[in-house]
Amino acid sequence: QVQLVESGGGLVQPGGSLRLSCAASGSIFSIDHMGWYRQAPGKQRELVATITSGGSTNYADSVRGRFTISRDNTKNTVYLQMNNLKPEDTAVYYCNGRIGVTTTFVYREVWGQGTLVTVSS
């Protein structure tokens, strides 16, 4: 079984910073792309940022220049550094990964359980 576990969410004031982490564990032989998505109350889940196994990145326009996605392939972990946070960044942030499972040698889309980020004064 493969799982993604997020950490690092919390309450922060506008203009502040947070760093989210997401670690993959289980029977993994390879991880393709990884990413972060978010869902605000009453809204649909939206893409925040993605990163390929080679390190190419993609960002939503709303976070470009403020957020940075990175990964450590030796730790099967992806990070999201969030700077200059705004109240509209408040949401549950979900980690996603396309993960190759050793038991089947098939890639699966896996989601984490989510971590809440609240930006408020």
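**Exercise 1. In this predicted model, determine in which sense strand 7 and strand 8 pair, and place the two strands within their sheet.**

Solution. Begin with the pair itself: strand 7 and strand 8, the latter spanning residues 77-82, run antiparallel to one another and are connected over six bridges. A single position illustrates the register, since Thr68 stands opposite Gln81 in strand 8. Next, widen the view to the sheet, which is open and consists of four strands in the order 1-3-8-7, with antiparallel pairing. Its edges are strand 1 (2-7) and strand 7 (67-72), each of which pairs on one side only. Finally, consider the geometry: neighbouring strands of this sheet are turned against each other by 15° on average, direction ignored.

**Exercise 2. Identify which cysteines form the disulfide, and work out whether they are buried or exposed.**

Solution. The structure holds one disulfide, and the residues joined are Cys22 and Cys95, with an S to S distance of 2.1 Å. Placing them on the chain, Cys22 belongs to strand 3 (residues 18-26) and Cys95 to strand 9 (residues 91-101), so the bond ties together parts that are 73 residues apart in sequence. The torsion about the S-S bond is about -85°, and the disulfide is therefore left-handed. For the last step, the cut-off for burial is under 20% relative accessible area; Cys22, at 0%, counts as buried, and Cys95 is likewise buried at 0%.

**Exercise 3. Find which residues are joined into one network by salt bridges that share partners, and describe the pairs.**

Solution. As a starting principle, side chains of opposite charge can pair when their charged atoms come close. In this model the count comes to five salt bridges. One of them brings together Glu46 and Arg38 at 2.7 Å, N to O; here Glu46 is partly exposed at 35% relative accessibility, whereas Arg38 is buried at 5%. Another joins Arg66 to Asp89, whose closest N and O atoms are 2.8 Å apart. This second pair links distant parts of the chain, 23 residues apart, with Arg66 in the loop between strand 6 (57-59) and strand 7, and Asp89 in the loop between strand 8 and strand 9. Both Arg66 and Asp89 are buried. The network joined through shared partners thus comprises Arg38, Glu46, Arg66 and Asp89.

**Exercise 4. Locate Asp32 and Arg98, and characterise their contact.**

Solution. Their side chains meet in a salt bridge at 3.0 Å, N to O. Asp32 lies in strand 4 and Arg98 in strand 9, 66 residues apart. Asp32 is partly exposed at 26% relative accessibility, and Arg98 is partly exposed at 29%.

Methods: Residues are numbered from 1 along each chain as its sequence is written. This is a predicted model: local features need pLDDT of at least 70, side-chain atom pairs count only at pLDDT 80 or more; totals for chains, interfaces and linings use all residues. Side-chain values use heavy atoms; hydrogens and water are left out. Two strands pair if DSSP finds at least two bridges between them. Axes are lines fitted to C-alpha atoms, for helices over the stretch in contact, and angles run from 0 to 180 degrees between N-to-C directions. A disulfide is a pair of cysteine sulfur atoms within 2.5 Å. Buried means under 20% relative accessible area, exposed over 50%, partly exposed in between (1.4 Å probe, protein chains only). A salt bridge is a side-chain nitrogen of Lys or Arg within 4 Å of a carboxyl oxygen of Asp or Glu.
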